[in-house]
Amino acid sequence: MEFHQSFQIGTLRIAGRVVLAPMAGAGDRAFREICAGFGAAFTVSEMVSAKAIQFGDKKTRELMELGDAARPSAIQIFGSDPAGMALAAKKAMAFSPDAIDINMGCPAPKITGSGAGSALMRNPALCGEIVAAVAGAVPVPVTVKIRSGWDENSVNAPEVARICESSGAKAVAVHARTRSQQYAPPADWGVIAAVKRAVHIPVIGNGDVTGAQSAARMLEETGCDAVMVGRAALGAPWVFRQINAYLDGSCRIVPPPGPAGRMLTLLRQVGRMCRYKGERRAMKEARKHVGWYLKGLRGAAAFRRRAGELETYAQLEKLTGDVLLFQEERENGKGQAEP
């Protein structure tokens, strides 16, 4: 089955059907740029506190930095006060986002405890007030990311999506799990289909898209306009290239890169992290990314232990070289010992 290769968010044309999900603590500028290079059609920043934006601290400004290599891109903000969210959105425009995304889906207690994130879904009217305030404050399209609902007794995503649309939202992304479900059980794609029937703006489906075939199934079964990939891209940003190849009508299965290609991509990503954040901080943050890139390789457990001690980019270069040597030796039947 062939799918359209673009969709519109207000006046913003998205040249593709696969977007990168916002991921706090993982989806930084370097990662977004790498994913865009592999074909992510649209990227969203890590979530930024509306209150922190008003204070203007250094870390918050860094979260909002958008490189041209990852555009079109949105800045995602969270909060529960319409006026505060509008002011934050105005300030975020200094970083020239292509859209402003409102987080109504984060399940973390520290976010929901303040009434933000997925806690907003318990108050649909407030959701509408926030969207209206933000949409009236910025010249770019406003999008919203929601969940199915707060819990199994309040699956109200279609209602919230309708209210957001009538308040000025130009697209809605739906994570098809409730807040109480977190990330564990299978996503209920029926909720995405219900939202698609409820609104006239683009609907982006999120949840259990792990590769090309699951992306195609979501598009076909729900009628959504695009799919959002999150955790499946960690350590495997080439998943966007694989999905795009499958969706072009040929249903091509593109294999992932081999160990050398995987390690090269890792080095490129961490190299960007070092440029943007400084080597010391970047290498600490890179340790988890190294672990994700090592998944499935021979000797991964031992190499992950070494990754947990990385402090310099040179050490990472040595580690990736050792990883490739170990793969080669095992392939040739040599070096059976643990790395």
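Buried means under 20% relative accessible area. Keep that cut-off handy for these exercises, and remember that the model is predicted.

**Exercise 1. Work out whether cysteine 164 is buried or exposed, and which cysteine sulfur is nearest to its own.**

Solution.
- Start with the bonding: the structure holds 0 disulfides.
- Cysteine 164 is thus no exception; its nearest cysteine sulfur belongs to cysteine 127, 5.4 Å away. A disulfide calls for sulfur atoms within 2.5 Å.
- Now the surface: cysteine 164 has 1% relative accessibility, so it counts as buried.

**Exercise 2. Do the same for cysteine 35: find the nearest cysteine sulfur and decide between buried and exposed.**

Solution.
- No disulfide here either: for cysteine 35, the nearest cysteine sulfur is that of cysteine 274, at 18 Å.
- With a relative accessibility of 0%, cysteine 35 counts as buried.

**Exercise 3. Describe how helices α11 and α14 pack, and say what kinds of residues make the contact.**

Solution.
- Set up the pair: α11 covers residues 259–277 and α14 covers residues 313–331.
- Read off the geometry: the angle is about 175°, and the axes lie 10 Å apart.
- Angles over 145 degrees count as roughly antiparallel, and α11 and α14 are therefore roughly antiparallel to each other.
- Look at who meets whom: on the α11 side the residues include Met263, Leu266, Leu267 and Val270, while α14 brings, among them, Leu316, Thr320, Val323 and Leu324. Cys274 of α11 is also one of the contact residues.
- Sort the contact by type: 11 residues are nonpolar, 3 polar and 1 charged.

**Exercise 4. Find out how many residues of strand β9 are buried, and which strand pairs with β9 in the parallel sense.**

Solution.
- Count along β9 (residues 171–175): 5 of the 5 residues are buried, so the strand is largely enclosed by the rest of the structure.
- Check each face: Ala171, Ala173 and His175 sit on one side, Val172 and Val174 on the other, and all are buried.
- Find the partner: strand β8 (residues 142–147) pairs with β9 in the parallel sense, over 5 bridges.
- Pick out one bridge: arginine 147 has histidine 175 in β9 as its partner.

**Exercise 5. Locate serine 148 and name some of its contacts beyond four places in sequence.**

Solution.
- Serine 148 lies in the loop between β8 and α7 (157–166).
- Its relative accessible area is 3%, so serine 148 is buried.
- Beyond neighbours within four places in sequence, its contacts include Met121, Asn156, Ala157, Arg177 and Val191. His175, the bridge partner of arginine 147, is one of the contacts of serine 148 too.

Notes:
Residues are numbered from 1 along each chain as its sequence is written. This is a predicted model: local features need pLDDT of at least 70, side-chain atom pairs count only at pLDDT 80 or more; totals for chains, interfaces and linings use all residues. Side-chain values use heavy atoms; hydrogens and water are left out. Axes are lines fitted to C-alpha atoms, for helices over the stretch in contact, and angles run from 0 to 180 degrees between N-to-C directions. Helices (H or I, at least four residues) and strands (E, at least two) are DSSP runs, numbered from the N terminus. Angles under 35 degrees count as roughly parallel, over 145 as roughly antiparallel, 65 to 115 as roughly perpendicular and the rest as oblique. Contact means heavy atoms within 4.5 Å. Ala, Val, Leu, Ile, Met, Phe, Trp, Tyr, Cys and Pro count as nonpolar, Asp, Glu, Lys and Arg as charged, and the others, Gly among them, as polar. Buried means under 20% relative accessible area, exposed over 50%, partly exposed in between (1.4 Å probe, protein chains only). Two strands pair if DSSP finds at least two bridges between them.
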